[in-house]
Amino acid sequence: MKNVRKLFYAAGLMVGVACLMLSSCSKEGPQGPAGVNGINGVNGTNGLNGKDANGSCLVCHTVANFDAKIAEYHLSKHYLGTTSNRFTKFCARCHVSEGFEQILGSGLFVVANDMPASNRINCTTCHSHNGFDFTGDTVSQVLATTSPVFLNYNKNLTSTDFGKINNLCVQCHQIRGATALVYSDTTLVPKVLKAPFDQLPYFPFTNTDDNATVEYRAGRSFSVHDGNQSNLFSGINGYEYAGKTYTRTWKHSDMSCTDCHMNEFDAATGEGGHTLWVNKAACTACHGSDKITPVQALIEAKRIELAELLTTKKIFKKTVNSTTGAISYSAVATHDFNGKLYPTTQTPGDLFALSSSMNTVSPTTGLVVYDNILKYAKDSDYTNRIGRLWKYGELGAAYNYAYINSELSKGAHNPGYALQLLQNSIDWVTAN
Ligand code: HEC
Ligand code: HEC
Ligand code: HEC
Ligand code: HEC
Ligand code: HEC
Ligand code: HEC
């Protein structure tokens with residue numbers, strides 16, 4: 001498709017050149033006075049007037065401009081990060097260039113197969129020309145997509161419009177959708193699972209009864225995955241408690257991701273422009289002082305308060321890294337992989353099912369072999385178990401913690417909604 005498009009453009013340009021040559025052809029005889037300028041050539045394909053390439057193309061296509069963009073982009077995490085080349089089937093759509101191009105074309109949730117030998121996110125991932133009649137909104141004419149996004153969260157059933165440029169970023173910077181191996185077996189024999197992945201039954205959170213119960217099985221997750229910036233920015237898809245009101249819009253709701261993440265480039269700090277890092281110094285022009293750090297500190301404190309509360313309720317478990325001292329919180333499963341309740345005391349001889357991820361890369365094809373193994377073992381975590389089903393309100397609180405924790409802006413993308421999600425979770429768990 002790309003190549004076809006390139007050929008088409010090349011042909012279009014050549015037609016333009018040929019027309020120019022014809023209009024300046026002269027017949028034999030003495031040279032007459034200079035004629036008037038010819039009219040612009042007509043593009044044979046769509047019948048529109050051609051454009052002066054110097055005027056319209058060189059707005060962007062100067063060597064200096066492209067060199068600057070390349071240098072800036074080389075400071076971005078898209079370029080420097082370690083994960084922008086994950087090519088497995090469930091990751092490629094957001095983590096590699098060819099994967100992104102494929103899902104834009106197919107409109108599907110995942111790519112057709114693993115994509116070894118693919119490229120990390122680069123200029124052509126985000127850019128592609130869809131016209132040369134540059135008037136008005138020129139920028140969106142050079143972006144790969146500006147269409148509303150079919151969020152993974154909704155299983156691609158409805159599209160959400162985040163605004164033109166945002167729709168490009170949000171194709172990737174969205175909730176990945178929690179998937180799990182769908183498999184059930186109680187034979188107590190270890191085996192390799194070839195079962196398909198499916199979206200978890202409690203995604204998305206359409207539930208309105210906070211007291212309804214739910215299993216939180218080993219091997220499953222309510223993880224939103226890194227990248228749900230778009231949801232917080234728009235104040236959507238958090239777990240919202242019945243009877244509470246939520247404020248979705250805020251001061252900067254009208255801004256594009258790029259208004260902050262491609263603001264003026266500062267060579268000294270390596271922020272702004274195509275680095276995709278926010279040049280925060282530029283924000284003080286309006287703010288007068290640093291408004292971001294205090295807001296982030298407030299929300300971080302609330303996030304920890306919620307995690308500590310969930311730990312006392314045995315919904316979370318707190319782990320302190322013995323060498324670094326780093327604290328982390330993880331959710332504790334209520335049931336094993338097959339749906340058997342974990343007791344809160346030791347039950348000698350009792351075995352519980354766990355799946356462990358043993359995916360390997362085939363040395364012959366380079367493709368990932370999905371070989372999760374189902375194993376059985378005694379439970380050593382019984383002192384941390386809650387010993388009952390979770391309530392939806394508890395699942396929602398745990399989910400809201402993850403929503404804020406993995407979002408990375410520490411609430412800066414929508415301070416009001418972030419605080420409401422955390423505070424309402426704290427209030428509900430405390431009261432129930
Ligand atoms: C608003 C900025 C902008 C303008 C104006 C612009 N381009 Fe581009 N062009 C780009 C970007 C960005 C790329 C992608 C670069 C890449 O992928 O390496 C690109 C890529 C191209 C390519 C490579 C093929 C492709 O689709 O990837 C061609 C050919 C091209 N432009 C021709 C032109 C011509 C001819 C004009 C004027 C009629 C023009 N461009 C005007 C920004 C612009
Ligand atoms: C093709 C998918 C894709 C698109 C489109 C995309 N991103 Fe990303 N973005 C990623 C991935 C994947 C990473 C993580 C890269 C890594 O760590 O290797 C990332 C990382 C980032 C980071 C750094 C986050 C961190 O981990 O600290 C920022 C900031 C960012 N992107 C902003 C943007 C903005 C703004 C846009 C739109 C102009 C955008 N991205 C478009 C996939 C994408
Ligand atoms: C819907 C798009 C999407 C899909 C699908 C996706 N990711 Fe990501 N991932 C992102 C974005 C965007 C980022 C960077 C932004 C961020 O870290 O918040 C990221 C970041 C990461 C990171 C870096 C986190 C860190 O702490 O630095 C890892 C690791 C990762 N992804 C692994 C995976 C794996 C493995 C898969 C497939 C099973 C996958 N991702 C599928 C969008 C996606
Ligand atoms: C993550 C997506 C993304 C990637 C990757 C990306 N760009 Fe862009 N680029 C954008 C967006 C979005 C805009 C529009 C910015 C705006 O005006 O808000 C843009 C604008 C541009 C423009 C026109 C505006 C100008 O200032 O001239 C050029 C040229 C350009 N990019 C070149 C490049 C080149 C070259 C690369 C590779 C080194 C690249 N881009 C990589 C998203 C991207
Ligand atoms: C009002 C300005 C603003 C807008 C608009 C905005 N962001 Fe951010 N973003 C920030 C700030 C501030 C941070 C936190 C940076 C920090 O702590 O250093 C951030 C952090 C991030 C990060 C994590 C980067 C890091 O520092 O690790 C990603 C990824 C990101 N934003 C993506 C997006 C996407 C995608 C959009 C559009 C849906 C968006 N942002 C819209 C201001 C903004
Ligand atoms: C055009 C002026 C303007 C610019 C530029 C601007 N802001 Fe703001 N911002 C405001 C105003 C006005 C408020 C709300 C009033 C207040 O809280 O003082 C605000 C509030 C905020 C808040 C909420 C603060 C709080 O206490 O709740 C955040 C976060 C924020 N801005 C981020 C950013 C970031 C990041 C940038 C730079 C990329 C930025 N803003 C650039 C005008 C601006």
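Reader: What makes His 129 count as partly exposed rather than buried or exposed?

Author: In this predicted model, His 129 has a relative accessible area of 22%. Buried would require under 20% and exposed over 50%, so the 22% of His 129 falls in between, and the residue is called partly exposed.

Reader: What does His 129 do at the iron atom of ligand 1, and which residue shares that role?

Author: The iron atom of ligand 1 is coordinated by the NE2 atoms of His 129 and His 61, at 1.9 Å. A donor has to be an N, O or S atom within 2.8 Å of the metal, and because both NE2 atoms are nitrogens at 1.9 Å, both meet that condition.

Reader: Why is the site of the iron atom of ligand 1 called octahedral?

Author: Six donor atoms surround this iron atom, with angles of 85 to 179° among them. Six donors count as octahedral if opposite donors are over 155 degrees apart and all others lie between 65 and 115; the site of the iron atom of ligand 1 is assigned to that class. As for where its two histidines sit, His 61 belongs to the loop between helix 2 and helix 3 (63-73), while His 129 belongs to the loop between helix 7 and strand 1 (149-150), so the pair ties together parts of the chain that are 68 residues apart in sequence.

Reader: Is His 61 buried, exposed or in between, and how do you know?

Author: The relative accessibility of His 61 is 43%. Since that value is neither under 20% nor over 50%, His 61 counts as partly exposed.

Reader: How do you know that His 61 and His 129 make polar contacts with ligand 1, and what else surrounds this ligand?

Author: The cut-off for such a pair of N or O atoms is 3.5 Å. An N or O atom in the side chain of His 61 is 2.8 Å from a nitrogen atom of ligand 1, and a polar side-chain atom of His 129 lies 2.7 Å from a nitrogen atom of the ligand, so both pairs fall within the limit. In total 15 residues surround ligand 1, and the closest are Cys 57, Cys 60, His 61, His 129 and Phe 132. By class, this shell has eight nonpolar, five polar and two charged residues, and helix 1 gives the most to it, with three residues.

Reader: Which residues coordinate the iron atom of ligand 6, and what makes that site octahedral?

Author: His 252 and His 287 coordinate the iron atom of ligand 6 through their NE2 atoms, at 1.9 to 2.0 Å, which is again within the 2.8 Å asked of a donor. The angles among the six donor atoms run from 85 to 179°, and the site is classed as octahedral. The pair links distant parts of the chain, 35 residues apart, with His 252 in the loop between helix 9 and helix 10 and His 287 in helix 11 (residues 284-287).

Reader: Why do His 252 and His 287 count as partly exposed?

Author: His 252 has 22% relative accessibility and His 287 has 25%. Neither value is under 20% or over 50%, so both residues are partly exposed.

Reader: What makes His 274 buried?

Author: Its relative accessible area is 19%, and because buried means under 20%, His 274 belongs to that class. His 274 lies in the loop between helix 10 and helix 11. Leaving aside neighbours within four places in sequence, His 274 is in contact with Lys 69, Glu 72, Tyr 73, Ser 76, His 127 and Met 262.

Reader: How do you know that ligand 5 has polar contacts with side chains, and which residues come nearest?

Author: Three pairs are at 2.7 Å, against a cut-off of 3.5 Å. Nitrogen atoms of ligand 5 pair with side-chain N or O atoms of His 261 and of His 413, whereas Lys 280 places a polar side-chain atom by an oxygen atom of the ligand. Of the 19 residues around ligand 5, Cys 257, Cys 260, His 261, Lys 280 and His 413 come nearest. The shell has nine nonpolar, nine polar and one charged residues.

Reader: Why is Asn 113 called partly exposed, and what does it touch?

Author: With a relative accessible area of 40%, Asn 113 lies between the limits of 20% and 50%, so partly exposed is the class that applies. Not counting residues up to four places away in sequence, Asn 113 touches Lys 89 and Leu 367. Asn 113 and Leu 367 are 254 residues apart in sequence, yet their C-alpha atoms are 8.5 Å apart in space.

Methods:
Residues numbered from 1 in each chain as written. Chains lettered and ligands numbered in written order. Predicted model: local features only at pLDDT ≥ 70, side-chain atom pairs only at ≥ 80, totals over all residues. Heavy atoms only, no water. Near = heavy atom within 4 Å. Polar contact = N/O pair within 3.5 Å; in protein donor to acceptor, adjacent residues only side chain to side chain. Nonpolar A, V, L, I, M, F, W, Y, C, P; charged D, E, K, R; others polar. Helix = DSSP H or I, 4+ residues; strand = E, 2+ residues; numbered from the N terminus. Donors = N, O, S within 2.8 Å, 3.2 Å for Na, K, Ca; no water. Tetrahedral: all angles 85-135°; square planar, octahedral: opposite > 155°, others 65-115°. Buried < 20%, exposed > 50% of the residue type's maximum accessible area, 1.4 Å probe, protein only. Contact = heavy atoms within 4.5 Å.
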